[in-house]
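Me: I have just opened this structure and would like a short walk through it. Could we begin with the metal site?

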Amino acid sequence: MREYTTRKVAVFDTTLRDGEQAPGCSMNLAEKLAVARRLELLGVDVIEAGFPAASAGELEAVRAIAGMIKQTSVAGLCRARVEDIDACRIALSKAAQPRIHIFLATSPLHMHYKLKMTPKEVYEQACAAVSYAACFCHDIEFSAEDSFRSEWDFVAAVFAGVIKAGATVVNAPDTVGYAMPDEFERFISYIKERTAGIEKVKLSVHCHNDLGLAVANSLAAVRAGADQVECTINGIGERAGNASLEELVMGLQVRRDFFKVETGIKSELLYLTSRLVSHVTGIRVPPNKAIVGDNIFAHESGIHQHGLMANRATYEIMTPQEVGMPHERIVLGKHSGLHAFTEHLSARGFRLEQAALEQVFAQFKALGDLKKVISERDIEALVMGVAIQVPETWKLNRWVVNSGSNFTSTCTIRLEQRNGTLSECVSTGAGPIDSAFKAINQIIGKDLVLLFYDLKALSSGEDAQAETTIKIAWQEQQWNGRGLSTDIVESSIKAYIAAINVMEYERELAAHLAAKAAESDKLKQVPVGAANKPAALIARQA
Ligand code: KIV
Ligand code: ZN
């Protein structure tokens, strides 16, 4: 029995919005859906799915996530503008628990240089935006962007105004990661004491990591009474990133004696959630990354190993099981059956539909013919590949490369289109991979640019699978692709084709959305006319 009472701190995950916004972290629709599904399973309280006014594709992604997620609130971000709020409410119309998240900056720097607004105008626009959004949604979050560098009493006044206008959550971001933990704790205490009506709403914090203090500041805010923490998986986000969800949650869990709070997170799903986000963004998790890094439970020194053998608590403050870190490296072999395979996946929190399960199992068996032992990493990569796949516009049919010293590398490659058409091409290049990519460019008739290339072995041994992650660009847009094979050239070719398939899929989707938008302008179907919109909002946008 516990000797202390606990309160619940809500976890607001913004991996799909603030995280996805960071350079190199963009995700396609299939990837966003896979991450959102995983976040729901993990037990986050709110999934911030995107910024619907940013583009038609972003609106559709938020709409798709909102339609799929049932247990968790889904939030959409918007500026304090009518058109952003309209886009957000359309995107969230199918959400079981929608939240409209409005932000407006309150610091002198942002108000003067970015917004070119006076404090009075900011106050009025914030209140007007919240009262407009409150016509459509019961759950409205208001964020005072750059709040920590604002006049603290002005933040308290704006929060009091938006609470009166209908906000249910007020969020105090340290947008540029400037605060020190003690100061941030004082700031949150100040806001709690000085904001009229704060007891009726949730107080949230959103910390960036520019000085490496995002988690420390968020934890300090919890000490001061914050009810919600905003964070991302692996801490991805703008510049140095956001507070990392896994570090925050385990800080609160391991030191429950100190914080006396609880979250609803199933910590045993943290490791694979981190792997999924790393997989879809192509951003590797450093081996020494707190909580989810591969070295977190590895002990080299003899003294430590000796201590651990006597009692694991000597050098470990949490167990691998608590964060879902696989502890046995070799798991299944080619003789394992579907039953053992399914058990293995469900023990790791992977839930696949029958068709996807059969597909992964077939890939697992094929891999078993190539490799003696199949590692956790191999299985993870297969499952994640299936979870985020898009339709295959192009498929690899066959390839051959001739490469060596004092020879020009040459690749012959044949691709198959969805309708069965085969196209073959030969190209030379600076190396085997360059020649292969050039041959593919010729087949598809596009001069794609390779922006990023990363190759890693998923396990040790000569028969290890290679995982290639690449990013391609064409006409100012970018797409990611991943490929797996025991052959490094084939893994690279598969990654390139995967990125092309994402490009084709997204371009088809964009064309479909444009056609739909032309057919019916959804914003015109909104029953609220300009006459109903708050004067302050209309005045600012005129
Ligand atoms: O960092 C920030 O201030 C934000 C807000 C939009 C919440 O991301
Ligand atoms: Zn942010």
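Reply: Certainly. In sequence, the donor residues of the zinc ion (ligand 2) are spaced D-x187-H-x1-H. Please keep in mind that this is a predicted model.

Me: Which residues are the protein donors of that zinc ion?

Reply: The protein donors of the zinc ion (ligand 2) are D18 through OD, H206 through NE2 and H208 through NE2. They lie 2.0 to 2.1 Å from the ion.

Me: Where do D18 and H206 lie?

Reply: D18 lies in helix α1 (residues 15-19), whereas H206 lies in strand β8 (residues 202-207), so the pair ties together parts that are 188 residues apart in sequence.

Me: Are D18 and H206 buried or exposed?

Reply: Both D18 and H206 are buried.

Me: Changing topic: how many disulfides are found in the whole structure?

Reply: A search of the whole structure finds zero disulfides. For C25, the nearest cysteine sulfur is that of C231, 15 Å away. For C78, the nearest cysteine sulfur belongs to C88 and is 4.1 Å away.

Me: Why is C78 in no disulfide, then?

Reply: A disulfide requires two cysteine sulfur atoms within 2.5 Å. The sulfur of C88, the nearest to that of C78, is 4.1 Å away, so C78 is in no disulfide under that cut-off.

Me: And are C25 and C78 buried or exposed?

Reply: C25 counts as buried at 2% relative accessibility. C78 is buried as well, with a relative accessible area of 0%.

Me: What about charged pairs? How many salt bridges are there?

Reply: The count comes to 32 salt bridges. One of them joins the side chains of R7 and D227, at 3.9 Å from N to O. R7 lies in strand β1 (residues 7-8) and D227 in the loop between α9 (214-223) and β9 (228-231), so this pair ties together parts that are 220 residues apart in sequence.

Me: Which of the two is buried, and which is partly exposed?

Reply: R7 is partly exposed, with a relative accessible area of 31%, while D227 is buried, at 18%.

Me: Is there another pair to look at?

Reply: The side chains of D139 and R99 meet in a salt bridge at 2.9 Å, N to O. This pair links distant parts of the chain, 40 residues apart: D139 is in the loop between α6 (119-133) and β6 (140-145), and R99 is in strand β5 (residues 98-105). D139 counts as buried at 18% relative accessibility, and R99 counts as buried at 4%.

Me: What does K456 pair with?

Reply: K456 forms a salt bridge with E467, and their closest N and O atoms are 3.4 Å apart. K456 is in strand β16 (residues 449-457) and E467 is in strand β17 (residues 466-474), 11 residues apart. E467 is buried, with a relative accessible area of 6%.

Me: Which residues are linked in a network of salt bridges?

Reply: R275, D294, R377 and E380 are linked in such a network.

Me: One last residue: where is D378 placed?

Reply: D378 is in helix α17 (residues 376-387). D378 is buried, with a relative accessible area of 0%.

Me: And what does D378 touch?

Reply: Leaving aside residues up to four places away in sequence, D378 touches L367, K371, V373, L458, S459 and Q465.

Notes: Residues numbered from 1 in each chain as written. Chains lettered and ligands numbered in written order. Predicted model: local features only at pLDDT ≥ 70, side-chain atom pairs only at ≥ 80, totals over all residues. Heavy atoms only, no water. Helix = DSSP H or I, 4+ residues; strand = E, 2+ residues; numbered from the N terminus. Buried < 20%, exposed > 50% of the residue type's maximum accessible area, 1.4 Å probe, protein only. Contact = heavy atoms within 4.5 Å. Salt bridge = Lys/Arg side-chain N within 4 Å of Asp/Glu carboxyl O. Donors = N, O, S within 2.8 Å, 3.2 Å for Na, K, Ca; no water.
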